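Here's a walk through a two-chain complex, with an eye on packing and on where to trust the coordinates. Have the viewer open as you read.

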Amino acid sequence: MPASFDAREFLAGFLVEAAEHLVSANQNLLAVEAMLQKGQPHPRAVRDLYRSLHTIKGLASMVGIEPIVDISHAMEAVLRAADRGGGRLAPGMVDVLLKGTRAIEEAVGALEHGRPLAPAPATLLDALALLPAQAPQAAPSSEETFTLDPALRSKLGLADKEQITQGLLAGRHVWRADFVPSPQRAAEGITITTVREAVGRIAEIVKVIPIQRQSAPGIAFALLVVTDADVMAIAQAVHADAEQVVPVVQTAPPPGPEPLGAAEVERVGTIRVEVTRLDDALDKLSALVVTRYRLERATADLAARGADVRALAFVVQENGRQLRHLRAAITRARMISVADMLQRVPLLVRGLAQQTHKQVTLDLQVGRAELDKGVADRIFPAVVHLLRNAVDHALESAAERTAAGKPEAGVLRVSAHEHGTSQLELRVTDDGRGIDRDKVATRAGRPVPHSDEALLELICLPGLSTMDTTTTTSGRGMGMDIIRRITVDQLGGELSVKSVAGAGTTFTLRVPLTVTIIDAFLFMSGNQRFAVPVASVEEIVDLEGARIASWPRPGSSTGVQTRILDRGGTAVPLLALQSVFRLPPDGAGRRAILVRRNGELIAYEVDRMLGQQEVVVRPLEDPLVRRAGLSGATDIGDGKPTLVVDLIGLGGSLLEAEA
Amino acid sequence: MSALYVAFRVSDAEYVLPAAQVTQMESFNGATPVPGVPPWVTGLIHVRGQVIPVVDVRLRFGLPHLTPLLESRVVVVQHGTRSVGLLVDTAREVLKLAPDAFVPAPELVVRTTRGFVKAVIQAQNRLLLLIDVERIIGWEDVHGNQRQERV
């Protein structure tokens with residue numbers, strides 16, 4: 001049925017656009033709140049908010065989504081009143097408005113997932129309906145920010161003044177130009193109406209005020225305009241001399257900084273692209289990469305048969321370079337800024353603080369780093385977990401903090417910066433009570449950890465979370481095993497903790513910025529070919545002549561014999577990959593691939609190394625083949641999938657199995 | 001309304017599944033084995049830029065293993081968002097079957113086939129068995145295996 005198909009297309013467009021306006025609405029609400037705390041209004045953000053809600057309402061009514069129309073209509077009314085009153089919101093209003101955007105977000109989320117839509121909550125609509133009357137009006141005696149004849153000024157409404165102030169802030173001209181009508185001019189067809197029209201074409205007219213002329217009897221009109229046009233153009237339009245056009249200028253510095261200006265400039269020239277389209281481009285590219293390797297091999301074959309392939313080899317090489325550039329370009333297109341990833345954090349922390357009745361000051365330090373959308377989607381939930389834990393468990397109540405001699409408001413610092421060229425370092429720091437080692441140890445039934453590394457092991461025990469939710473008095477542990485799984489096992493990153501009793505806790509996550517196309521080592525094990533990401537490999541060791549201690553382990557539940565490799569005085573567990581994977585025995589293992597999992601080395605014995613190659617990893621998503629230790633499959637040019645092993649994750653699952 | 005069904009053979013029986021669920025049929029040139037999965041998951045193959053798992057229907061039905069032959073086929077089925085290959089002995093026919101030809105499988109058949117057969121069809125002097133695709137590519141028992149391995 002084509003009609004319903006169209007509606008769905010339209011709905012998808014609506015969802016994307018609504019989501020964009022919601023993001024900006026939330027940012028503006030928080031900006032207004034931040035300024036309110038300094039006792040200042042933020043008229044520009046209020047006006048932007050008004051526009052966002054107006055647009056959402058318009059879009060929603062076009063696709064006929066009543067609950068969203070109802071909420072956005074009520075919010076729009078509040079914001080219109082606030083805008084008219086000089087762009088002021090009372091502190092309590094921000095809360096209600098945030099509930100409004102939340103409700104719209106929920107409705108949008110429901111539509112996205114095809115869930116049925118609930119009508120707009122009546123309590124919310126009632127609360128919103130009460131707000132317009134509460135919008136504070138700018139005090140009439142408030143400091144004026146521009147020069148103007150007091151007689152004219154008294155004729156201006158708040159919105160007019162705001163329009164002039166905003167025009168000046170935006171660096172536009174504001175002029176006062178007087179038009180003097182006369183019977184002679186009227187006969188020529190020049191009246192205030194024609195002047196209005198002429199001026200309206202080159203300027204925004206703030207107000208036309210009739211004035212009594214002092215020099216001669218009769219009435220004149222003072223036109224106040226905001227424009228980019230120059231004085232000559234305005235003078236011409238009002239049929240006056242340039243000298244008679246008077247500039248209106250700023251007298252006071254602009255009220256407060258413009259927090260949104262910079263961000264707006266950066267947004268210019270961006271478009272939204274669905275990630276699936278980029279993935280598709282990447283897929284096509286991967287096919288190209290595969291063909292290139294075939295070409296390279298065919299060239300090598302020709303050369304082996306004695307053909308002169310110098311010209312061909314040059315082209316192949318050139319082609320490889322171009323492919324690398326193309327790959328880099330597509331990879332860049334998949335990158336999102338860390339600031340975008342973390343833009344919901346202020347709202348989230350605010351909500352958490354309200355739920356727990358704690359005072360939290362958020363300090364967000366975000367660098368200019370960018371990371372792959374796929375990585376961002378995985379790591380952000382981990383950050384959310386950490387923030388939740390910090391507000392729920394780590395930060396104390398105001399009373400507790402005062403008793404401990406700390407400021408009432410807890411500080412939560414989130415920082416995100418590039419670490420080296422290929423990693424992002426995320427830190428979540430609180431100045432709360434610190435993790436109670438004794439308590440955690442008791443709960444886990446393990447000895448008290450004396451190092452931060454041992455503490456991390458303990459709080460990442462999978463069973464700890466359930467115990468923790470029943471006793472929320474102190475400590476953390478909720479979901480820490482999941483955070484480690486995401487950071488270390490899925491993304492090949494690192495996780496560490498530093499906690500000082502009474503002073504606070506810092507979690508540091510390091511994750512790679514990209515994951516899609518990777519450099520991989522190819523190797524054989526159990527007569528099967530595998531690939532392993534170069535980034536995850538610490539070292540490749542020749543086992544010939546290496547010192548290895550081994551003994552039978554009848555108690556091992558995995559049936560895998562562990563040996564100890566002496567690596568320059570460090571004892572490294574050595575596992576034969578082919579027996580871990582239960583593959584048929586192959587030739588004697590000659591090489592070991594060393595990986596580091598949470599700082600500890602693990603060695604995997606393999607048959608032989610085959611070389612290094614760029615590969616496009618496709619995740620193994622089907623439940624039939626999803627398994628710890630395998631991160632995906634790749635095509636290296638022979639048309640058959642080659643398994644990409646995740647030796648770090650494999651180490652984790654083996655340790656769990658042995659535990 | 002009659003609908004189209006893809007017919008295939010495993011051992012000495014003929015089976016059908018709705019053609020609407022079949023995205024393509026490929027000859028079988030081997031799959032990449034995946035460690036740690038049930039033996040009836042033969043491995044992974046590339047199909048039109050996708051990597052999909054292949055289920056050996058013989059082994060899934062508990063029949064003895066047969067080295068794939070020239071006429072072995074991989075019937076690629078789409079189930080929800082999943083795409084899975086079914087390795088069968090042969091698959092050559094597409095049949096048009098009327099709904100009244102389907103009879104619910106007798107209790108004994110359901111039990112002996114462990115629920116893999118949903119219905120029987122008597123058509124043109126042939127006995128066809130309608131398979132339960134969802135159950136064949138189901139992973140509940142896979143997860144059971146993995147849990148056991150972990151414990």
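## A leucine to start with

Is B:L59 buried or partly exposed, going by its C-beta neighbours inside 10 Å? This is a predicted model, and in it B:L59 has 17 such neighbours. Being buried takes 20 or more, and being exposed means 12 or fewer, so B:L59 lands in the partly exposed class.

B:L59 sits in helix α1 of chain B, which runs over residues 57-60. Beyond four places in sequence, its contacts are B:P39, B:W40 and B:H65. B:L87 is 28 residues away along the chain, with 9.7 Å between the two C-alpha atoms.

## The two chains at a glance

Chain A carries 23 helices and 22 strands. It has 659 residues, of which 34% are buried. Taking contacts with a separation of 6 or more, 66% of those in chain A link residues 24 or more positions apart.

For chain B the tally is four helices and 11 strands. Here 36% of the 151 residues are buried. Of its contacts between residues at least 6 apart in sequence, 53% bring together residues at least 24 apart.

## The cores

In soluble globular proteins, nonpolar side chains tend to be buried together. The largest nonpolar core here holds 120 residues, and the members touching the most others are A:L387, B:V55, B:V75 and B:L86. Helix α16 of chain A (residues 373-394) is the top contributor to this core, with 10 residues. Domain 4 (337-512) and domain 5 (517-658) of chain A both supply residues, so the core lies between them.

What does B:V55 touch, leaving aside neighbours within four places in sequence? Its partners are B:W40, B:V41, B:T42, B:R60, B:V84, B:G85, B:L86, B:L87, B:I136 and B:I137. Apart from the core that α16(A) feeds, there is another one of 34 residues, including A:L29, A:I56, A:M75 and A:I104.

## Helix α3 of chain A

A:M75, one of the residues in that 34-residue core, is also among the buried residues of α3(A). This helix covers residues 66-84, 19 residues in total, and reaches 27 Å between its first and last C-alpha, close to the 27 Å expected at 1.5 Å a residue.

Its buried residues are A:P67, A:I68, A:D70, A:I71, A:S72, A:A74, A:M75, A:E76, A:V78, A:L79, A:A82 and A:D83. Among the elements covering them are α2 (43-63), α4 (91-112) and α5 (122-130) of chain A. After the helix comes A:G86, with a positive phi near 90 degrees.

## Where the chains meet

How many residues does each chain put into the contact? Chain B gives 21 and chain A gives 22. On the chain B side, the elements with two or more residues each are β4 (41-47), β5 (50-56), β7 (82-88) and α4 (140-150). β4(B) is the biggest giver on that side, with four residues. By type, the chain B side splits into 14 nonpolar, four polar and three charged residues.

The predictor's scores for the complex are an ipTM of 0.86 and a pTM of 0.46.

## Another partly exposed leucine

A:L323 belongs to helix α13 of chain A, residues 310-333. It is partly exposed because it has 16 other C-beta atoms within 10 Å. Not counting residues up to four places away, A:L323 touches A:L288, A:V289 and A:R292. A:S286 lies 37 residues from A:L323 in sequence and 9.7 Å away, C-alpha to C-alpha.

## How far to trust it

Chain A has an average pLDDT of 81, and 88% of its residues score at least 70. Residues 1-6 of chain A stay under 50 and have zero contacts beyond four places in sequence. Residues 253-268 of chain A are also below 50, but that stretch has 10 contacts beyond near neighbours in sequence.

Chain B averages 85, with 90% of residues at 70 or above. Among its elements β7(B) has the highest mean pLDDT, 94, and α4(B) the lowest, 44. Residues 143-151 of chain B stay under 50, with four contacts beyond four places in sequence. Where pLDDT is low, the predicted coordinates should not be read in detail. Keep that in mind for α4(B), one of the elements on the side of chain B that touches chain A.

How values were computed:
Residues are numbered from 1 along each chain as its sequence is written. Chains are lettered from A and ligands numbered from 1 in the order in which they are written. This is a predicted model: local features need pLDDT of at least 70, side-chain atom pairs count only at pLDDT 80 or more; totals for chains, interfaces and linings use all residues. The expected span of a helix is 1.5 Å times one less than its number of residues. Two residues are in contact if their C-beta atoms, placed from the backbone, lie within 7 Å. A nonpolar core is a set of buried Ala, Val, Leu, Ile, Met, Phe, Trp, Tyr and Cys residues joined through C-beta atoms within 7 Å. Domain bounds come from an automatic or database domain assignment. Ala, Val, Leu, Ile, Met, Phe, Trp, Tyr, Cys and Pro count as nonpolar, Asp, Glu, Lys and Arg as charged, and the others, Gly among them, as polar. pLDDT is the predictor's confidence in each residue, from 0 to 100.
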